[in-house]
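Trainee: I am new to this structure. Please take one part and look at it closely, then set it in its surroundings.

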Amino acid sequence: MQSKNVGGIAACTILFMALTMYLAPSILPAVAPVKASSRTITLVGTLVGYTYYWNNTNPTITVAKGDTLTINLSSADAASHRLLIDFDNNGTSTTPDCTTGMDQCSATFPPTTSVSFTVNYRPGTYRYYCTIHPFSMVGNFVVQAPDFGVSSNPSNLSILQGTNANSTIAVSSINNFAGTITLSAIASPLGPTTSFGTDPVMVSSGGTTTSKLTISIPQTISPGPYSITVTGTNSSGSPSHTATISLTVTKPDFSITSGPTSLAVAPSSSGTTAITLTSQNGFSGTLNLTATVSPSGPQVSLNPTSVSLTPGGSAFSTLTVSTTASTSGYYSTPVAVSNGNYTVSVTASSGALSHSTPVSLTVGSTSSNPMGTPSLPLLPIAGGVIAFIAVIGTALFLRSRKH
């Protein structure tokens, strides 16, 4: 009977330990990553099996230099513990001296105690441990260096030749950084120019400050993609940080379209289509219009032959195609326009800038026979006539033989 009781007690003990290990992570507080300059951390001495740990797993504690830190300490059972953070890196010991040096120590507990201090230690990785259980209750204590970040908004810009645009450059404190940041910007490839509204900028601990970056595009630089790299530099020795702005340089332009894009005109007649010209990227100015036809034959004209565009606006002209017979001189015989397919090209130009749009033209029948050829096939007709004559001739020959 006694052996059965011992076995039952052992089974219950194992079950209890397993249940404790399963539930403890959800019950005990986790050590969150550093985010603020004033922090509170909770450490609980826990027994897992036959070994003591901090919060079951000895989690890594991460803080930033300059943080004000409070660590609340307690024990999950009646066992005694004492926290030591080894800032002088002299190693774990069961006989530590907390009265001298850089180490931070707590009072012995339970029931509970706490330790508070400002993290003014050199950035790096240290150890924290329990002086009573130094070989199992031990973890890493990380002090992060103050730093800063640089960002831009917007980070993508499209700028017209001869104009400028702005992007807001934000410099943010990380890990309690505070100091002066000098800004610089460089374009690649070279061409765009830059200037800052405020430079250098002052950043307070935990804060963000901004400066307006103006990007100017000379009229003479080529359209296309560019990038602007903004660099923030701290004179106290922190690493430099950058932000990149993607830039597209555009030039004023226009488009030309026709509607309808094809015409079918009977001989000795005419047809029209509308030519639409639209400003793009702020284009403004006068466009001169011309029209040509290939192959020659139909006559083409535009009304008006020049239009004025305002930024973002549109203008119109009418293309007229005539298939009336034309003469080359006073006494010459009119030449008819042959049936067939033609292409009319309408061109609009302003200085060196020029665009064209095609108009398909069909005169007479829509068949694809070459111009100047009969619309009916001569060879089948001729073959039919010859066959008919041969039949008649044969019939007459046979009739004559009967007589």
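Is Asn176 buried or exposed, and what is its relative accessible area?

Mentor: A caution first: this is a predicted model. Now to your residue. Asn176 has a relative accessible area of 16%. Buried means under 20%. So Asn176 counts as buried.

Next, its place in the chain. Asn176 sits in a loop. Strand E12 (164–174) comes before that loop, and strand E13 (179–188) follows.

What does Asn176 touch? Leave aside residues up to four places away in sequence. Its contacts are then Ser37, Ala64, Lys65, Gly66, Asp67, Pro146, Ser205 and Gly206.

Take Ala64 from that list. Strand E3 covers residues 61–64. That leads us to a sheet. The sheet is open and has five strands. Their order is E3-E9-E8-E5-E6, and the pairing is mixed. Strand E3 stands at one edge, and strand E6 (104–105) is also an edge strand. Each has a single partner strand, so one side of each is left without a neighbour in the sheet.

The partner of E3 is worth a look. Strand E9 spans residues 138–144. E3 and E9 run parallel, joined by four bridges. In one pairing, Val63 has Val143 in E9 as its bridge partner.

Now follow the chain on from the other edge strand. Pro111 lies in the loop between E6 and strand E7 (112–118). The peptide bond between Pro110 and Pro111 is cis, with omega about 10°. Another cis peptide bond joins Asn303 and Pro304. There omega is about 0°. Pro304 belongs to the loop that links strand E23 (299–303) to strand E24 (306–309).

Backbone angles give two further stops. Asn56 has a phi near 75°, which is positive in a residue other than glycine. Asn56 is in the loop between strand E2 (51–54) and E3, so this loop leads back to the edge strand we met above. With a relative accessibility of 15%, Asn56 counts as buried. Ser268 also has a positive phi, near 55°, and is likewise not a glycine. Its loop runs between strand E20 (262–265) and strand E21 (270–280). Here the surroundings change. Ser268 is exposed, with a relative accessible area of 57%. The cut-off for exposed is over 50%.

Step back to the whole chain. The secondary structure comes to two helices and 27 strands. The chain has 403 residues, and 35% of them count as buried. Asn176 and Asn56 are both in the buried class. About 22100 Å² of the chain is exposed, with 56% supplied by carbon and sulfur atoms. Now consider contacts between residues at least 6 apart in sequence. Of these, 66% join residues at least 24 apart.

How far can you trust the picture? The mean pLDDT of the chain is 84, and 78% of the residues score at least 70. Over residues 1–36, however, the pLDDT is below 50. That stretch has 27 contacts in the model beyond near neighbours in sequence. Residues 367–382 also stay under 50. For them, the model has eleven contacts beyond four places in sequence. Read both stretches with caution.

Back to your starting point. Asn176 is a buried residue, in the loop between E12 and E13. Ala64, Pro146 and Ser205 are among the residues it touches.

Conventions
Residues numbered from 1 in each chain as written. Predicted model: local features only at pLDDT ≥ 70, side-chain atom pairs only at ≥ 80, totals over all residues. Heavy atoms only, no water. Buried < 20%, exposed > 50% of the residue type's maximum accessible area, 1.4 Å probe, protein only. Contact = heavy atoms within 4.5 Å. Pairing = 2+ DSSP bridges. Areas by Shrake-Rupley, 256 points an atom, 1.4 Å probe, with all protein chains shown as cover. pLDDT = per-residue confidence, 0-100.
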